[in-house]
Amino acid sequence: MNLQNDIKIKQLYQILPEGVVAPASWLAEQGYSMQLLYQYIKSGWLKKTSRGSYIRGDATPSWQGAVLGLQKLGKVPFHIGGITSLNLQGYAHYLPFSDAQTIYLYGTEKLPAWFKNIKLEQKFCVMKKPSFDAVGLKSIPSGIKEWEMVVSSPERAILELLYQVKPDGLGFEFAAEIFEGLTTLRPSLVNELLTLCKNIRVKRLFLYLANHFDHPWAKHIKKDGLELGTGRMQIVKNGVFDNEFLITVPKEYHAG
(Lines give C-alpha, C1' and ligand atoms only; values in the text may rest on other atoms or scores of the structure.)
Protein backbone atom coordinates (compact mmCIF):
# COMPACT_ATOMS: atom_id res chain seq x y z
CA MET A 1 0.00 0.00 0.00
CA ASN A 2 1.46 3.36 -1.00
CA LEU A 3 1.77 6.38 1.27
CA GLN A 4 -1.36 8.13 -0.06
CA ASN A 5 -3.50 5.05 0.51
CA ASP A 6 -1.98 4.63 3.96
CA ILE A 7 -3.01 8.20 4.83
CA LYS A 8 -6.52 7.60 3.50
CA ILE A 9 -7.11 4.48 5.61
CA LYS A 10 -5.97 6.38 8.69
CA GLN A 11 -8.41 9.16 7.80
CA LEU A 12 -11.17 6.60 7.35
CA TYR A 13 -10.45 5.08 10.76
CA GLN A 14 -10.78 8.56 12.25
CA ILE A 15 -14.27 9.17 10.83
CA LEU A 16 -15.64 5.61 10.93
CA PRO A 17 -15.83 4.11 14.43
CA GLU A 18 -15.16 0.42 14.88
CA GLY A 19 -18.45 -1.46 14.69
CA VAL A 20 -20.36 1.00 12.50
CA VAL A 21 -21.45 -0.43 9.15
CA ALA A 22 -20.58 1.94 6.30
CA PRO A 23 -22.59 1.88 3.05
CA ALA A 24 -20.55 1.96 -0.13
CA SER A 25 -22.36 5.13 -1.23
CA TRP A 26 -21.10 6.98 1.85
CA LEU A 27 -17.56 5.69 1.34
CA ALA A 28 -17.67 6.88 -2.27
CA GLU A 29 -18.74 10.35 -1.06
CA GLN A 30 -15.67 10.38 1.18
CA GLY A 31 -13.44 9.63 -1.82
CA TYR A 32 -12.95 5.88 -1.46
CA SER A 33 -13.16 4.10 -4.80
CA MET A 34 -14.18 0.47 -5.23
CA GLN A 35 -10.60 -0.31 -6.20
CA LEU A 36 -9.34 1.23 -2.97
CA LEU A 37 -11.94 -0.64 -0.91
CA TYR A 38 -10.83 -3.88 -2.54
CA GLN A 39 -7.24 -3.18 -1.48
CA TYR A 40 -8.38 -2.43 2.08
CA ILE A 41 -10.30 -5.72 2.23
CA LYS A 42 -7.30 -7.61 0.89
CA SER A 43 -5.09 -5.99 3.55
CA GLY A 44 -7.59 -6.69 6.35
CA TRP A 45 -8.40 -3.03 7.04
CA LEU A 46 -12.03 -3.46 5.99
CA LYS A 47 -14.46 -6.35 5.78
CA LYS A 48 -17.58 -6.69 3.67
CA THR A 49 -20.78 -7.00 5.70
CA SER A 50 -23.04 -7.31 2.66
CA ARG A 51 -22.97 -6.36 -0.97
CA GLY A 52 -22.59 -2.60 -0.66
CA SER A 53 -21.55 -2.28 3.00
CA TYR A 54 -18.32 -2.52 4.99
CA ILE A 55 -17.00 -2.54 8.52
CA ARG A 56 -13.58 -1.83 10.01
CA GLY A 57 -11.06 -4.63 10.48
CA ASP A 58 -12.46 -8.00 11.45
CA ALA A 59 -15.30 -6.70 13.63
CA THR A 60 -18.57 -8.58 13.78
CA PRO A 61 -21.48 -6.31 12.82
CA SER A 62 -24.09 -5.59 15.50
CA TRP A 63 -27.63 -4.35 14.99
CA GLN A 64 -26.59 -1.06 16.61
CA GLY A 65 -23.75 -0.64 14.13
CA ALA A 66 -26.08 -1.42 11.24
CA VAL A 67 -28.67 1.11 12.45
CA LEU A 68 -26.00 3.80 12.87
CA GLY A 69 -24.88 3.18 9.31
CA LEU A 70 -28.46 3.48 8.14
CA GLN A 71 -29.29 6.63 10.12
CA LYS A 72 -26.06 8.62 10.27
CA LEU A 73 -24.20 7.55 7.14
CA GLY A 74 -26.99 6.41 4.83
CA LYS A 75 -29.27 9.27 5.97
CA VAL A 76 -32.30 6.99 5.63
CA PRO A 77 -35.15 8.22 7.89
CA PHE A 78 -35.78 5.15 10.03
CA HIS A 79 -35.86 5.10 13.82
CA ILE A 80 -35.95 2.47 16.54
CA GLY A 81 -39.44 2.43 17.99
CA GLY A 82 -42.14 0.54 19.82
CA ILE A 83 -41.14 -2.16 22.27
CA THR A 84 -37.45 -1.99 21.22
CA SER A 85 -37.23 1.68 22.13
CA LEU A 86 -39.05 1.12 25.42
CA ASN A 87 -36.71 -1.74 26.22
CA LEU A 88 -33.59 0.34 25.45
CA GLN A 89 -34.87 3.05 27.81
CA GLY A 90 -35.56 0.66 30.67
CA TYR A 91 -39.33 0.22 30.44
CA ALA A 92 -39.42 -3.45 29.45
CA HIS A 93 -36.89 -5.28 31.62
CA TYR A 94 -38.89 -8.51 31.51
CA LEU A 95 -39.04 -8.67 27.73
CA PRO A 96 -38.80 -12.33 26.61
CA PHE A 97 -35.53 -13.21 24.87
CA SER A 98 -37.34 -14.02 21.62
CA ASP A 99 -38.85 -10.52 21.56
CA ALA A 100 -35.51 -8.90 22.43
CA GLN A 101 -34.08 -10.53 19.30
CA THR A 102 -36.52 -8.59 17.13
CA ILE A 103 -35.59 -4.95 16.51
CA TYR A 104 -38.51 -2.74 15.51
CA LEU A 105 -37.63 -0.15 12.88
CA TYR A 106 -40.14 2.54 11.94
CA GLY A 107 -40.13 4.38 8.64
CA THR A 108 -42.03 4.70 5.40
CA GLU A 109 -39.20 4.46 2.88
CA LYS A 110 -37.75 1.30 1.37
CA LEU A 111 -34.82 -0.18 3.27
CA PRO A 112 -31.66 -0.29 1.16
CA ALA A 113 -30.52 -3.74 0.04
CA TRP A 114 -27.12 -3.39 1.74
CA PHE A 115 -28.88 -3.02 5.09
CA LYS A 116 -31.34 -5.89 4.61
CA ASN A 117 -28.55 -8.29 3.63
CA ILE A 118 -26.34 -7.82 6.71
CA LYS A 119 -26.22 -11.09 8.66
CA LEU A 120 -27.05 -10.50 12.32
CA GLU A 121 -28.21 -12.51 15.33
CA GLN A 122 -31.24 -10.26 15.55
CA LYS A 123 -33.88 -9.64 12.92
CA PHE A 124 -35.43 -6.32 11.95
CA CYS A 125 -39.18 -5.86 11.76
CA VAL A 126 -40.14 -2.81 9.70
CA MET A 127 -43.28 -0.91 10.73
CA LYS A 128 -44.78 1.88 8.61
CA LYS A 129 -47.56 2.85 11.03
CA PRO A 130 -48.35 4.77 13.10
CA SER A 131 -46.55 7.78 11.65
CA PHE A 132 -45.97 11.04 13.52
CA ASP A 133 -43.30 12.61 11.30
CA ALA A 134 -40.40 13.68 13.54
CA VAL A 135 -42.50 14.45 16.62
CA GLY A 136 -41.39 12.58 19.72
CA LEU A 137 -38.04 11.33 18.43
CA LYS A 138 -34.87 11.52 20.53
CA SER A 139 -31.25 10.34 20.49
CA ILE A 140 -29.74 7.88 22.94
CA PRO A 141 -26.23 6.37 23.27
CA SER A 142 -25.61 3.45 20.93
CA GLY A 143 -22.71 1.94 22.85
CA ILE A 144 -20.40 2.65 19.91
CA LYS A 145 -18.10 5.59 20.59
CA GLU A 146 -20.10 8.78 21.21
CA TRP A 147 -22.47 8.02 18.37
CA GLU A 148 -26.18 8.11 19.15
CA MET A 149 -29.18 6.33 17.64
CA VAL A 150 -32.50 7.96 16.85
CA VAL A 151 -35.32 6.29 18.80
CA SER A 152 -38.88 7.02 19.82
CA SER A 153 -39.43 8.79 23.12
CA PRO A 154 -41.48 6.72 25.61
CA GLU A 155 -44.52 8.85 24.72
CA ARG A 156 -44.26 7.96 21.04
CA ALA A 157 -43.06 4.39 21.60
CA ILE A 158 -46.10 3.39 23.67
CA LEU A 159 -48.43 4.58 20.88
CA GLU A 160 -46.37 2.59 18.38
CA LEU A 161 -46.64 -0.45 20.66
CA LEU A 162 -50.41 -0.06 21.12
CA TYR A 163 -50.81 -0.14 17.33
CA GLN A 164 -49.84 -3.83 17.51
CA VAL A 165 -52.45 -4.71 20.17
CA LYS A 166 -55.33 -6.57 18.51
CA PRO A 167 -57.12 -9.90 18.90
CA ASP A 168 -54.65 -11.63 16.60
CA GLY A 169 -51.66 -9.48 17.52
CA LEU A 170 -49.81 -8.31 20.62
CA GLY A 171 -51.54 -9.14 23.90
CA PHE A 172 -53.45 -6.48 25.84
CA GLU A 173 -51.96 -7.66 29.15
CA PHE A 174 -48.39 -7.28 27.87
CA ALA A 175 -49.03 -3.73 26.70
CA ALA A 176 -50.81 -2.90 29.97
CA GLU A 177 -47.82 -4.08 32.03
CA ILE A 178 -45.56 -1.78 30.02
CA PHE A 179 -48.03 1.09 30.36
CA GLU A 180 -48.16 0.67 34.13
CA GLY A 181 -44.46 1.57 34.32
CA LEU A 182 -44.83 4.78 32.32
CA THR A 183 -45.23 7.07 35.31
CA THR A 184 -43.34 10.10 33.98
CA LEU A 185 -44.70 10.75 30.49
CA ARG A 186 -44.79 14.39 29.39
CA PRO A 187 -48.45 15.36 28.90
CA SER A 188 -47.63 18.13 26.42
CA LEU A 189 -45.92 15.63 24.10
CA VAL A 190 -48.64 13.03 24.67
CA ASN A 191 -51.29 15.58 23.68
CA GLU A 192 -49.38 16.53 20.54
CA LEU A 193 -48.98 12.88 19.52
CA LEU A 194 -52.63 12.05 20.21
CA THR A 195 -53.66 14.98 18.03
CA LEU A 196 -51.45 13.67 15.20
CA CYS A 197 -52.55 10.04 15.65
CA LYS A 198 -54.90 8.92 12.88
CA ASN A 199 -55.68 5.50 14.37
CA ILE A 200 -58.88 5.57 16.45
CA ARG A 201 -58.21 2.17 18.04
CA VAL A 202 -54.80 3.29 19.31
CA LYS A 203 -56.22 6.52 20.75
CA ARG A 204 -59.05 4.75 22.53
CA LEU A 205 -56.74 2.11 23.97
CA PHE A 206 -54.23 4.72 25.15
CA LEU A 207 -56.96 6.77 26.85
CA TYR A 208 -58.44 3.66 28.46
CA LEU A 209 -55.08 2.63 29.94
CA ALA A 210 -54.33 6.20 31.03
CA ASN A 211 -57.65 6.25 32.84
CA HIS A 212 -57.11 2.77 34.31
CA PHE A 213 -53.65 3.39 35.79
CA ASP A 214 -54.31 7.06 36.59
CA HIS A 215 -50.67 8.19 36.50
CA PRO A 216 -50.09 11.82 37.62
CA TRP A 217 -49.68 12.99 34.01
CA ALA A 218 -53.02 11.48 32.95
CA LYS A 219 -55.11 14.34 34.37
CA HIS A 220 -53.41 16.71 31.91
CA ILE A 221 -54.47 14.76 28.82
CA LYS A 222 -56.83 16.75 26.60
CA LYS A 223 -59.53 14.50 25.18
CA ASP A 224 -61.66 17.32 23.77
CA GLY A 225 -61.24 17.63 20.04
CA LEU A 226 -59.78 14.14 19.55
CA GLU A 227 -61.45 12.12 16.82
CA LEU A 228 -62.44 8.89 18.59
CA GLY A 229 -65.22 7.61 16.34
CA THR A 230 -68.50 6.06 17.46
CA GLY A 231 -68.43 2.34 16.60
CA ARG A 232 -67.53 -0.54 18.89
CA MET A 233 -64.06 -2.08 18.61
CA GLN A 234 -62.82 -5.50 19.67
CA ILE A 235 -59.38 -5.23 21.28
CA VAL A 236 -59.45 -8.67 22.92
CA LYS A 237 -61.53 -11.78 22.27
CA ASN A 238 -64.16 -12.66 24.88
CA GLY A 239 -63.49 -9.38 26.69
CA VAL A 240 -65.76 -7.06 28.64
CA PHE A 241 -67.15 -4.10 26.74
CA ASP A 242 -66.20 -0.69 28.14
CA ASN A 243 -68.99 1.83 27.55
CA GLU A 244 -66.81 4.92 27.88
CA PHE A 245 -64.10 4.05 25.36
CA LEU A 246 -66.18 1.58 23.29
CA ILE A 247 -63.60 -1.22 23.33
CA THR A 248 -63.42 -4.74 24.71
CA VAL A 249 -60.87 -5.30 27.48
CA PRO A 250 -59.96 -8.27 29.68
CA LYS A 251 -62.33 -8.76 32.61
CA GLU A 252 -59.58 -8.19 35.20
CA TYR A 253 -58.92 -4.72 33.77
CA HIS A 254 -62.56 -3.64 33.79
CA ALA A 255 -63.89 -1.68 36.75
CA GLY A 256 -67.40 -3.00 36.24
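# A walk through the fold

Trainee: Which residue stands opposite Ser50 in β3?

Mentor: Good place to start, and please keep in mind that this is a predicted model. Strand β3 covers residues 53-56, runs antiparallel to β2 and is joined to β2 by 4 bridges. Another of these pairings sets Lys48 against Tyr54 as its bridge partner in β3. Opposite Ser50, the residue in β3 is Ser53.

Trainee: Which residue takes a positive phi in the hairpin of β2 and β3?

Mentor: Look at the link that joins the two strands, which has 2 residues between them. One of the residues there has a phi near 105°. That residue is Gly52.

Trainee: What is the order of the strands in the open sheet?

Mentor: Work outwards from the pairings. Strand β3 is joined to β2 by 4 bridges, and 2 bridges join β1 to β3, again antiparallel. On the β1 side, Pro23 has Ser53 as its bridge partner in β3. With 3 strands and antiparallel pairing, the order is β1-β3-β2.

Trainee: Why is one side of β1 and of β2 left without a neighbour in the sheet?

Mentor: The sheet is open, with the order β1-β3-β2. Strands β1 (22-23) and β2 (46-50) therefore each have one side without a neighbour in the sheet, because each stands at an edge with a single partner strand.

Trainee: Are the residues on the two faces of β3 buried or exposed?

Mentor: In a regular strand, side chains alternate between the two faces of the sheet. In β3, Ser53 and Ile55 lie on one side, with Tyr54 and Arg56 on the other. Both faces are covered, and these four residues are all buried.

Trainee: Which helix packs on the sheet, touching β2 and β3?

Mentor: The helix to look for spans residues 34-43. Its direction makes about 110° with that of β2. This is helix α3.

Trainee: How many of the 11 residues of α4 are buried?

Mentor: Helix α4 takes in residues 63-73 and is mostly covered. Among the buried ones are Trp63, Val67, Leu68, Leu70 and Leu73, along with Gly65 and Gln71. Just after the helix, Lys75 has a positive phi of about 55°. The count of buried residues in α4 is 9.

Trainee: Are α8 and α9 roughly parallel or roughly antiparallel to each other?

Mentor: Two packed helices are described by the angle between their axes and the distance between the axes. For α8 (residues 154-162) and α9 (residues 172-180), the angle is about 170° and the axes are 10 Å apart. An angle over 145 degrees falls in the class that fits here. The two helices are therefore roughly antiparallel.

Trainee: How many nonpolar residues are in the contact of α8 with α9?

Mentor: From α8 come Ile158, Leu161 and Leu162, and from α9 come Phe174, Ala175, Ile178 and Phe179. None of the residues in this contact is polar and none is charged. The nonpolar count is 7.

Trainee: What covers the buried residues of α9, including α8?

Mentor: The buried residues are Phe172, Phe174, Ala175, Ala176, Ile178 and Phe179. Their cover includes helix α8. It also includes α5 (82-88), α11 (200-213) and β10 (247-249).

Trainee: What is the relative accessible area of Val190?

Mentor: Val190 sits in helix α10, residues 187-196. Leaving aside neighbours within four places in sequence, Val190 is in contact with Glu155, Leu185, Phe206 and Ile221. Its C-alpha atom is separated by 7.6 Å from that of Arg156, although the two residues are 34 apart along the chain. Val190 is buried, with a relative accessible area of 2%.

Trainee: How many disulfides does a search of the whole structure find?

Mentor: A disulfide needs two cysteine sulfur atoms within 2.5 Å. For Cys125, the nearest cysteine sulfur is that of Cys197, 18 Å away. Cys125 is partly exposed at 26% relative accessible area, whereas Cys197 is buried at 4%. The number of disulfides found is 0.

Trainee: What percentage of the 256 residues in the protein chain is buried?

Mentor: Let's finish with the whole chain, which comes to 11 helices and 10 strands. Its C-alpha trace spans about 80 × 30 × 30 Å along its principal axes. Of the contacts between residues at least 6 apart in sequence, 65% join residues at least 24 apart. The buried share is 51%.

Key:
Residues are numbered from 1 along each chain as its sequence is written. This is a predicted model: local features need pLDDT of at least 70, side-chain atom pairs count only at pLDDT 80 or more; totals for chains, interfaces and linings use all residues. Side-chain values use heavy atoms; hydrogens and water are left out. Buried means under 20% relative accessible area, exposed over 50%, partly exposed in between (1.4 Å probe, protein chains only). Two strands pair if DSSP finds at least two bridges between them. Contact means heavy atoms within 4.5 Å. Axes are lines fitted to C-alpha atoms, for helices over the stretch in contact, and angles run from 0 to 180 degrees between N-to-C directions. Angles under 35 degrees count as roughly parallel, over 145 as roughly antiparallel, 65 to 115 as roughly perpendicular and the rest as oblique. Ala, Val, Leu, Ile, Met, Phe, Trp, Tyr, Cys and Pro count as nonpolar, Asp, Glu, Lys and Arg as charged, and the others, Gly among them, as polar.
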